[in-house]
Amino acid sequence: MTEDASTRPGEARASGPSVADTLASDGIPPPPPLLENCYTFLGDKDIGFGRYTSPEFFRRELESLWPRTWQWACREEHVPEEGDTYVYYIGPYSVIVVRSGEDVIEAFLNTCTHRGTRLLAGEGSGYSPAFTCPFHGWSWEINGTIRNIPGRWDFPHVKNETHDLQRVLCERWGGFVFINMDLHARPLADYLGVMPEHFRHFPLERRGVKLHVQKKLPANWKAAQEAFLEAYHNFETHDSPNGGNTQYDVFSKYVSRFIHNIGNYSPESLEDYAGDKFRQPLLTEEELLAFLGVYGIEVDGLQPGERARGVIAEKLRSHFGEALGVDLSQVSESVMLDSIEYHLFPNMFFFAGITVPMVYRFRPDGTDVDNSIFDLLLLEPLAEGAEPPEPPEPVLLDVEQSYTEVEALGWLGAIYDQDTGNLALQQQGFKTSRKPGLTLGNYQEARIRRVHMTLDEFLSNSDGAI
Ligand code: FES
Ligand SMILES: [Fe+2]
């Protein structure tokens with residue numbers, strides 16, 4: 001253990017090589033953003049359980065968070081042609097994203113300016129040459145201006161300024177369409193902070209959706225996403241000998257990151273976590289190669305001086321390079337292999353890696369404090385010059401269903417079952433505790449604390465831009 005009496009809170013780290021050490025010994029150096037290290041101690045007070053269970057707290061989120069924060073609604077390729085729409089739901093709110101011109105994507109509240117009826121039902125993609133309300137037939141052009149009001153003679157008081165569709169802020173980044181219902185919100189760029197510079201090295205706009213899984217989860221949306229904000233759970237939840245050397249960064253009140261090395265297990269960090277109680281023996285370098293089996297790749301073994309991480313990365317460069325039609329020969333070990341996960345407040349995750357190319361979004365399930373919806377996308381790099389394919393419809397999984405039912409998730413299915421398998425127990429446990437809140441590690445769980453701190457800014461400042 002590196003902890004001692006002279007260490008200040010948040011300064012202690014797991015024993016063994018750090019992520020920076022691992023990246024420094026990789027054969028192909030990582031892009032510079034992966035060498036950045038950004039952590040400051042954020043405090044160690046418990047986080048109240050009521051934040052996950054109280055209908056009153058949830059109501060405040062519905063009032064002061066969701067209508068005022070940026071969130072991605074869909075990918076640009078969900079609305080490729082003029083008139084294509086995508087309906088997005090968050091809590092009780094709904095937004096229509098529409099491509100209203102060749103390179104114009106706009107967004108409107110999904111509600112009629114006559115008597116409030118929702119204009120488009122159901123979530124997802126559609127096509128509307130104009131919007132027509134199903135109740136009395138008011139209609140709007142796809143740019144939101146009034147097109148026709150049946151019996152107009154009775155509505156001399158109805159004007160464009162007051163009865164065009166209600167606009168929502170809409171910006172794009174990385175191939176995603178973001179919306180914000182607060183017309184006075186800060187620009188998206190303020191939220192993204194370092195992300196455009198970092199993702200210049202892993203351009204998400206040059207990826208296409210290979211798979212979209214949408215799963216119901218039996219926990220508050222924050223508890224659900226917090227299962228993915230740390231790798232501290234790896235030892236117990238995944239029974240994996242990896243995770244101790246994960247690096248955590250908090251870049252701003254909106255953006256944080258972890259980098260979790262794959263193919264590099266350290267005996268020292270294992271002892272820190274579980275000692276001899278750990279169920280899996282530490283793998284040898286030779287044994288680590290077995291990981292390639294999940295991709296159907298076999299290797300004979302290591303040559304003298306070779307490290308498993310380098311060999312695995314090299315095999316995967318050619319395997320994925322060929323499969324995707326992309327030149328991966330100069331991609332660093334880290335970008336090939338590692339779990340490089342950025343979180344964008346309040347509920348979005350973007351992965352930079354090639355073999356771990358996920359995007360997540362966690363939302364309340366309607367207006368239910370105890371349940372959430374997990375969107376999981378796999379974003380595959382596109383061959384040079386290729387257009388993104390039409391995104392697949394989401395595969396819907398209910399609470400009881402296993403991710404392993406989704407064949408395209410491959411070996412990840414069982415991992416996700418482990419990741420979200422504890423959520424019902426956690427949500428129930430929140431309500432049983434005499435101790436009023438949950439306790440967080442100073443370093444490994446700092447990203448969770450940062451989200452709560454920013455959430456508090458939204459809840460305590462219900463007017464101004466956050
Ligand atoms: S409520 Fe929409 S046209 Fe009347
Ligand atoms: Fe996990």
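**Group meeting: two domains and a shared core**

Good morning. I shall begin with one residue, Ala73, which touches Tyr86, Tyr88, Val95, Val97, Val177, Phe178 and Ile179, leaving aside residues up to four places away in sequence. Please bear in mind throughout that this is a predicted model.

Where does Ala73 belong in the wider picture? Together with Val97, Ala73 has the most contacts inside the largest nonpolar core, a set of 103 residues. Strand S18, residues 368-381, supplies the largest share of this core, namely six residues. Both domain 1 (19-54 + 203-460) and domain 2 (71-184) give residues to the core, so the core lies between them.

That brings me to the domains themselves. The domain assignment of the protein chain gives two entries: domain 1, made up of 19-54 + 203-460, and domain 2, covering 71-184. Their C-alpha centres lie 34 Å apart. How many residues of each domain take part in the contact? On the domain 1 side there are 15 residues, and they are in contact with 10 residues of domain 2. Within domain 1, the elements that give two or more residues to this side are strand S12 (207-217) and strand S17 (358-365). As to chemical character, the residues on the domain 1 side divide into six nonpolar, four polar and five charged.

Let me turn to a small sheet. Strands S7, S8 and S9 form an open sheet in the order S7-S8-S9, with antiparallel pairing. Which strands are at the edges? They are S7 (131-132) and S9 (146-148), each of which pairs on one side only. Strand S8, residues 139-140, is joined to S9 by two bridges, and the two strands run antiparallel. For Trp140, the bridge partner in S9 is Ile146.

Finally, the chain as a whole. The protein chain contains 15 helices and 20 strands. Its C-alpha trace spans about 85 × 55 × 40 Å along the principal axes. For 466 residues, a compact globule would have a radius of gyration near 23 Å, and the chain has 24 Å, which agrees. Of the 466 residues, 39% are buried. Among contacts with a separation of 6 or more, 64% are between residues 24 or more positions apart.

To close, I return to the starting point: Ala73 and Val97 have the most contacts inside the largest nonpolar core, and that core lies between domain 1 and domain 2 because both give residues to it. Thank you for your attention.

Technical notes. Residues numbered from 1 in each chain as written. Chains lettered and ligands numbered in written order. Predicted model: local features only at pLDDT ≥ 70, side-chain atom pairs only at ≥ 80, totals over all residues. Helix = DSSP H or I, 4+ residues; strand = E, 2+ residues; numbered from the N terminus. Rg over C-alpha atoms; globule rule 2.2 N^0.38 Å. Buried ≥ 20, exposed ≤ 12 C-beta atoms within 10 Å, placed from the backbone. Contact = placed C-beta atoms within 7 Å. Core = buried A, V, L, I, M, F, W, Y, C linked by C-beta atoms within 7 Å. Domains from an automatic or database assignment. Pairing = 2+ DSSP bridges. Nonpolar A, V, L, I, M, F, W, Y, C, P; charged D, E, K, R; others polar.
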